[in-house]
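Open the model in your viewer and switch to a cartoon display. The stops below go from one selection to the next.

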Amino acid sequence: LLLRWRRRSGLWRKVEQARQRQERSLVQMDMAARSFREQHPSVNMVSILSLPLPELSKKLRDGSLPPEHVFYAYVGKALQIATETNCITEYLQESETQLRKARLTGKLGLLYGVPVSIKDSIDCEGHDSTLGFVKNLNKPAAEDSVLVQVLKRQGAIPFVKTNVPQSLISYDCKNLIFGQTCNPLLYTRSPGGSSGGEGALIGGGGSILGFGTDVGGSLRFPAAFCGICTLKPTGNRLRYSMNSLLWSLPVAAAVGPMAKDVESLALCMRALLCEDMFSLDSTVPPLPFNEEVYSSMQPLRIGYYETDFFTMPSPAMRRAVREAKQLLEDAGHTLVPFELMNVDYVIFNFCVRGVFADGGASYLRKFKGELEKGSVGLFLQLAKSPNWLKTVLSWIAKPFVRAPKESLSQQPWNSTSTPLTTSVFPPQEFCHQFIAQWKKLNLDVMLCPMLGPALGIGYPGKLSVAVSYTMLYNALDFPVGVVPVTMVTDEDEEELKGYQGYFRDWWDRTLAKAFRGSVGLPVAVQCVALPWQEELCLRFMKEVETL
């Protein structure tokens, strides 16, 4: 007991030290921004912050806007948003040194002088990548991830790291170390996760370009909840340090950009898909950005669906797809209904059973010795229980648990299971069937719902089943982007009173509560393309955004 008490006391000291570092970071940002304003009182910070990324980048590269003005404008704004939402975990003070050296390099990359924010889990040399775990504190990364290295070679200046949920397996944004991050549009709402700190910072205007990761919607939830755009590329189109992932995943992990508009995402992809990315990581295919595809004006043949028949869409979600469909048809594109089948089977058998195919043993190891288990506490208790008890509980839960019969009749909890087989992951057969249906309809891209509006803080932890709209495209490893297209109206709110869901179970009732009181919050759609067609995906996103 004494040893346990001493160990827990040591962990709490580490937490307190991390919180003090976070406070010092905000003080350093305040001092830096205030000092710059005092020395340059005539600089119009508001006009700098209002510039879209393509225009800002152009001004930085042609010398009409000094990088120092842009950097400190965003440091000041980021500090304001961090104070309001608790989205920043650390200020990268070496960014000021990088700023001073920027002009000496000679070569001006596409992102020259652009301050960028980085998700906690992406390695930056000399800084922790905690993933919300206390055990990862005071373990700074030995080197920058490939992504950060390429950003720096393109002239970008990483200046802050942002908050994540514990373990990243959540679409909320809370951990014991840094606490809860709030949505900048409404503080009682979640910013989404796991790239929630990025979503809050960019959505509030404190960063013009940020980077997160996505294994089940971790880029797309924050973008949709905070009213910004993002692109989840094909898993291997971009690369970052994979050491920070929890375990081998049955779905493709991706790293991608987040920004206020689609053109900013396109500029970012142009910069990243360069020789530096291909040479630093030889597993990344050498596919430069295809400008011809992105700039094409040819009419598109677009598949669409309004629901996955697993998670009933909110009235605003359904309306968002219908309105986008109508606008696209009016613009001369062809819209084709797409019949989506077996989403529940894919989610449970490939994603859930794939992640926990060893009975949750590897997941348990990551939480061993942690002070807080967050919203996964119940699952961890189940994973620790003996196999006979898991079997009994699975039979008791059968009438109440939302899962396909085939999934429930098998035991996904056996901690002595044999190594993973193709029957568990990857879902090649389903992927081939999906692509075959896509080809049969001769589609270019797909228009899909995106969960929204933003759920109240705490609800994502209760509603893990609602990831069905996003995780499908991680299982398929398709590039997919999110574009905000509308806002919740009073009519949507009134229609929500009749929301019952497809299963009329506890999850459906909880989701209905989570959607309520959302008038004025943004609602997005997903834009999907086939693997390795990020440029076509961005072109479709741009069309939706413009219309």
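Start with the sheet of this predicted model. It is an open sheet of 11 strands with mixed pairing, and the strand order is 1-3-2-6-8-7-12-13-11-9-10. Select strand 1 (88–91) and strand 10: these stand at the edges, and each has a single partner strand, so one side of each lacks a neighbour in the sheet. Direction ignored, neighbouring strands of this sheet are turned by 30° against each other on average.

Stay at the strand 1 edge and add helix 1 (residues 2–39). Helix 1 packs on the sheet, where it touches strand 1 and strand 3 (157–162). The direction of helix 1 makes about 60° with that of strand 1.

Now go to the strand 10 edge. Select strand 9 (residues 301–304) together with strand 10 (residues 334–337); the two pair in the parallel sense over four bridges. Add helix 12 (residues 315–330), and you have a right-handed β-α-β unit made by strand 9, helix 12 and strand 10. Next show strand 11 (residues 445–449), which runs parallel to strand 9 and is joined to it by three bridges.

Which residues are the bridge partners of Gly 303 in strand 10 and strand 11? In strand 10 the partner is Val 336, and in strand 11 it is Met 446.

For an antiparallel pair, select strand 7 (residues 229–232) and strand 12 (residues 480–487), which are linked by three bridges. Label Lys 232 here, and opposite it in strand 12 you will find Val 480.

Keep those two strands on screen and add helix 9 (residues 262–272). Helix 9 lies across strand 6 (210–214), strand 7, strand 8 (254–259) and strand 12. Relative to strand 8, helix 9 runs at about 135°.

The last stop is helix 3 (residues 53–62), which packs with helix 9. Their axes are 8 Å apart and the angle is about 50°. An angle of 35 to 65 degrees falls between the roughly parallel and the roughly perpendicular ranges, and the two helices are therefore oblique to each other.

Show side chains at this contact. From helix 3, select Leu 53, Pro 54 and Ser 57; they meet Glu 263, Ser 264 and Leu 267 of helix 9. By class, the residues of this contact divide into three nonpolar, two polar and one charged.

How values were computed:
Residues numbered from 1 in each chain as written. Predicted model: local features only at pLDDT ≥ 70, side-chain atom pairs only at ≥ 80, totals over all residues. Heavy atoms only, no water. Pairing = 2+ DSSP bridges. Right-handed = clockwise from strand over helix to strand, strands pointing away. Axes fitted to C-alpha atoms, helices over the stretch in contact; angles between N-to-C directions. Contact = heavy atoms within 4.5 Å. Parallel < 35°, antiparallel > 145°, perpendicular 65-115°, else oblique. Nonpolar A, V, L, I, M, F, W, Y, C, P; charged D, E, K, R; others polar.
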